Amino acid sequence: MSADGVTFGQAISRARKALGVSQKELASRVMKEEDAGPISPQYLNDIEHDRRSPSSGHLIRQFASILNIPEDYLFALAGRLPDDVRPDTSDPEKVVAAFMSFRRTLKE
């Protein structure tokens, strides 16, 4: 959840509604992993009501692209590290320094 209290699901719901897109339409545009077809409208409904979280970075990136929301913002709301950053977390000191910098930036 962000400082203004917005959850991942609320951000998705607000952006979808602002674009005038139904849950069914958005669900049909968000594809599961490679060649697995679209997510279900019920899964999207569960995400929007914060009953479920996106299961992968792949889904987060698709929501960001389709709804024109910054990808990094959605990753933060989902409480996940982006896939391109995750391999760089093997050095604990580097991770701690990065989070300290992140916290300072958000508090400014």
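# Exercises on a predicted helical model

Phe63 is buried, with a relative accessible area of 0%. The model is a predicted one, and the exercises below start from this residue and move outward to the core, the charged pairs and helix α5.

## Exercise 1. The aromatic pairs

Classify the ring pair formed by Phe8 and Phe63, and place both residues in the chain.

Step 1. The count of aromatic pairs comes to 2. In the pair of Phe8 and Phe63 the ring centres lie 6.1 Å apart and the planes stand at 75°; because planes over 60 degrees apart count as edge-to-face, this pair is edge-to-face.

Step 2. Phe8 belongs to helix α1 and Phe63 to helix α4, so the pair ties together parts that are 55 residues apart in sequence.

Step 3. Phe8 has 5% relative accessibility and counts as buried, as does Phe63 with its 0%.

Step 4. Phe99 and Phe102 form an edge-to-face aromatic pair too, with 6.3 Å from centre to centre and 85° between the planes. Both of these residues lie in helix α6, 3 residues apart, which is about one turn of the helix. Residues three or four places apart in an α-helix point the same way, because there are 3.6 residues a turn. Phe99, at 37% relative accessibility, counts as partly exposed, and Phe102, at 43%, is likewise partly exposed.

## Exercise 2. The nonpolar core

Determine which helix supplies the largest share of the largest nonpolar core, and describe the surroundings of Phe8 and Leu26.

Step 1. The largest nonpolar core has 23 residues, and those that touch the most other members are Phe8, Ile12, Leu26, Ile39, Phe63, Leu67 and Leu74.

Step 2. At least two residues of this core come from each of α1, α2, α3, α4 and α5, and the largest share, 6 residues, is that of α4. In soluble globular proteins, nonpolar side chains tend to be buried together.

Step 3. When residues up to four places away in sequence are not counted, Phe8 touches Ile47, Asp50, Pro54, Ile60, Phe63, Leu74, Leu77 and Ala78.

Step 4. Leu26 is located in helix α2 and counts as buried at 1% relative accessibility. Beyond its neighbours within four places in sequence, Leu26 has contacts that include Ile12, Arg16, Phe63 and Ile66. With Ile66 the C-alpha to C-alpha distance is 8.2 Å, although the two residues are 40 apart in sequence.

## Exercise 3. The salt bridges

Find the salt bridges of the model, and state for each how far apart the closest N and O atoms are.

Step 1. The criterion requires a side-chain nitrogen of Lys or Arg within 4 Å of a carboxyl oxygen of Asp or Glu, and by this rule the count comes to 3 salt bridges. Side chains of opposite charge can pair when their charged atoms come close.

Step 2. Glu48 forms a salt bridge with Arg16, and their closest N and O atoms are 2.6 Å apart. This pair links distant parts of the chain, since Glu48 is in helix α3 and Arg16 in helix α1, 32 residues apart. Both partners are buried, and for Arg16 the relative accessible area is 8%. Among the residues that Arg16 touches, apart from those up to four places away in sequence, are Val21, Leu26, Leu44, Glu48 and Leu67.

Step 3. Arg61 and Asp83 meet through their side chains in a salt bridge of 2.6 Å, N to O. Here too distant parts of the chain are linked: Arg61 is in helix α4, whereas Asp83 is in the loop between α5 and α6, 22 residues apart. Arg61 is partly exposed at 30% relative accessible area, and Asp83 is partly exposed at 31%.

Step 4. The side chains of Arg51 and Asp46 form a salt bridge at 3.1 Å, N to O. Asp46 has a relative accessible area of 14% and is therefore buried, the limit being under 20%.

## Exercise 4. The buried side of α5

Identify the buried residues of α5, and explain why they lie on the same side of the helix.

Step 1. The buried residues of α5 are Leu74, Phe75 and Leu77.

Step 2. Around the axis these residues cover an arc of only 165°, which puts them on the same side of α5.

Step 3. The cover over the buried residues of α5 includes α1 and α4.

Step 4. After α5 comes Gly79, which has a positive phi, near 70°.

Key: Residues are numbered from 1 along each chain as its sequence is written. This is a predicted model: local features need pLDDT of at least 70, side-chain atom pairs count only at pLDDT 80 or more; totals for chains, interfaces and linings use all residues. Side-chain values use heavy atoms; hydrogens and water are left out. Helices (H or I, at least four residues) and strands (E, at least two) are DSSP runs, numbered from the N terminus. Buried means under 20% relative accessible area, exposed over 50%, partly exposed in between (1.4 Å probe, protein chains only). The arc is that of the directions from the helix axis to the C-beta atoms. Contact means heavy atoms within 4.5 Å. Rings of Phe, Tyr and Trp (its six-membered ring) pair if their centres lie within 6.5 Å; planes under 30 degrees apart count as stacked, over 60 as edge-to-face and the rest as tilted. A nonpolar core is a set of buried Ala, Val, Leu, Ile, Met, Phe, Trp, Tyr and Cys residues joined through side-chain atoms within 4.5 Å.
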